[in-house]
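Have a look at the model below. We'll go through one helix, one helix pair and the ligand site.

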Amino acid sequence: MASGTALIYDEEMTSHKLLWNDPICDIEVPERLSFSYEQLKCYHLVERCVCVPAREGSEEEILLVHSSEHLEVAKSTQTMNEEELKRVSGNYDAFFFHPSTYRCARIAVGAGLQLVDSVMSGKVCNGMALVRPPGHHSQRNAANGFCLFNNVAIAAEYAKRKYGLQRILIVDWDVHHGQGTQYIFEEDPSVLYFSWHRYEHQEFWPSLKESDYDAVGLGRGKGSNINLPWNKVGMGNSDYLAAFFHVLLPVAFEFDPELVLVSSGYDSGIGDPEGQMNATPDVFAHLTHFLMQLANGKLCVILEGGYHLKSLSESVCMTVKTLLGDPVPQITGEMAPCLSAIESIQNVRAAHKPYWKCLMYEVPPIKTAATIESEASAHLLPLSVRVVKEMDMNEVKALVSAFYADLVKEDETLLSLGSMLAVLDKILTKQVCNGIAESPTASVSVAVALRHSVRFGFQRVLCIFVGDMEIIPNTEDGRILMIHICEKQQSEKTNSKHYISLNWKEGAEGNDFFSAVFGFILPVAYSYQANLTVIAVGPNRSLGINGISLLFGLLRGLAESRILAVIENTEMNLMQSVAKALVGDSTPDFGVYAPPTQEKVRKIKILRDQLQQEWKMLQCSGLQMK
Ligand code: Q9C
Ligand code: ZN
């Protein structure tokens, strides 16, 4: 299992700069790179990365994607004077040449390829390349939008050839549409391209019809181009997360890429003069964390846009920090996507319904008056499991007798409570991020853990039960949100809005749980914004080990990664997988994609309709009037 994060930066790429007055191009400055790198140093992130040198991309490598005419024009600019440079630049929409541009662009290409090689060879697990000029607007035969060569597209094509990859995912979270990348891969089913972008009903640059949600790819590539147009400015954290939950992640997990590349523009972040969006640097930690769950963690992040130096550099740091495995920061603020975002999300889901099994039961959007028009081998275990000393028995007794005395008669239970509380205390006092406790009676341990956490001062604890468990009701309503995943229909607890029963039995293929995770559990969890997550795995669980691992891996993105796992009937396999997921170094191999049954999709939809007023991140289609 590869570990480590590559960082690629070469100061030489700061020599490409605008030599004349041009109000369109003057935001693409060398400081974007140097400032970001300084900020990385400032947070001591550079020293934690594996610093990989950049190199020049070869002509042959550039020709993987570009025409020889384009390469020759670019090459010819090296010896031009300012007047000639200005004239050639004028042949393109929003591009400037400097005598060093060709050299810089070749280093930008090579940096991306070095990153792909570092990840594919197993030298590192993931990494980021800070490059300019950026790439995603660049086309086979043209420079465009500050881009000369399409760094990410070349990286994808290179990875396909050199490593024989058959499925590559490109996630383009830059605020502009990477139309260059779309054109390059639109007929290629082996590259899934996802882009969200400021669109404003085609008002915003590059103002193309083909940036809309109905451009799904061509020929054999149908379904492998996903455009999510933002028709309003001001999109924020919840809108981006909703796009991941309801569009990108379900499709990406179905696609099951062997490598993920990010066209990582930060002009989609707050403060950017181009994007005019509201997403904070924190959200990029979450987006990165989600993508780390794919392709066995093989993730290459390559810089594109981002023009607000502070916002850009903070977001770069959040990305690199997350790649390094640091806890994901908690997102603050109300979690609810806006109506315009929901509408766009609904449109893309409907447009892609023919191509993706995860969307096959999608109902086509109908715009009517009914749409409301308003806004375990030991070394694998996390530290906590190994080092925590059990609590003093009297201390435990005293603690427990305060509330659950009648439940705790047997010594065995008391003993396990002791070790659970010891782990929990380490989490509460921030000595560790997460931990596992074994318990012969998970429901009792969890009840005690929840009560203890609330007493400690936690305002919101998310508790997920997997399996048959007699859930001990709590009296701290509002401070605890319970989601119970089990095969049997739970009876009458459902009248509390803080108890949700998700009646679910994993199918034989064993991965149809994705639809429940992305379509329901994560949206509810993000809406709630817990300070602590407790996950209890009991007997007769209706989920396989992979599903449980995925749940742990993804929930590490919440509550600053604070998770207490309570596991009954410890199987070695389960313990090991949970431990791996908690330390964040493994994503299970899900095998052949099994779509959820229509019945399950319906079940999720009913729950969503029922609960989306309370848990707003569930919204992914227009609200139906009652
Ligand atoms: N009226 C990247 O973010 N704007 N490129 C042109 C013309 C060009 C952005 C406006 C923006 C290019 C990599
Ligand atoms: Zn951009």
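## A covered helix

How many of the residues of helix H9 (residues 281-291) are buried? Eleven of eleven, so to speak a full house, in this predicted model. The run of buried residues in H9 goes Pro 281, Asp 282, Val 283, Phe 284, Ala 285, His 286, Leu 287, Thr 288, His 289, Phe 290 and Leu 291.

And what does the covering? For the buried residues of H9, the cover includes two helices, H8 (237-255) and H10 (309-323). Strands E4 (168-172), E7 (259-264) and E8 (299-303) are also part of what covers H9.

## Two helices crossing

Next, a helix pair. Helix H5 (residues 101-120) and helix H6 (residues 151-163) have axes that come within 9 Å and cross at roughly 40°. That angle is why H5 counts as oblique to H6. The crossing of H5 and H6 is right-handed.

On the H5 side, the contact is made by Ala 108, Val 109, Gly 112, Leu 113, Val 116 and Met 120. H6 brings Asn 151, Val 152, Ile 154, Ala 155, Tyr 158, Ala 159 and Tyr 163. Sorted by class, the residues of the H5 and H6 contact are eleven nonpolar and two polar, with no charged ones.

## Around the ligand

Which residues come nearest to ligand 1? Out of the 14 around ligand 1, they are Ala 94, Pro 134, Gly 145, Trp 205 and Gly 305. The shell around ligand 1 is a mix: six nonpolar residues, five polar and three charged.

How values were computed
Residues are numbered from 1 along each chain as its sequence is written. Chains are lettered from A and ligands numbered from 1 in the order in which they are written. This is a predicted model: local features need pLDDT of at least 70, side-chain atom pairs count only at pLDDT 80 or more; totals for chains, interfaces and linings use all residues. A residue is near a molecule or strand if its C-beta atom, placed from the backbone, lies within 6 Å of it. Ala, Val, Leu, Ile, Met, Phe, Trp, Tyr, Cys and Pro count as nonpolar, Asp, Glu, Lys and Arg as charged, and the others, Gly among them, as polar. A residue is buried if 20 or more other C-beta atoms lie within 10 Å of its own, exposed if 12 or fewer, and partly exposed in between; C-beta atoms are placed from the backbone. Helices (H or I, at least four residues) and strands (E, at least two) are DSSP runs, numbered from the N terminus. Two residues are in contact if their C-beta atoms, placed from the backbone, lie within 7 Å. Axes are lines fitted to C-alpha atoms, for helices over the stretch in contact, and angles run from 0 to 180 degrees between N-to-C directions. Angles under 35 degrees count as roughly parallel, over 145 as roughly antiparallel, 65 to 115 as roughly perpendicular and the rest as oblique. A crossing is left-handed if the near helix is turned anticlockwise from the far one by less than a right angle, and right-handed if clockwise.
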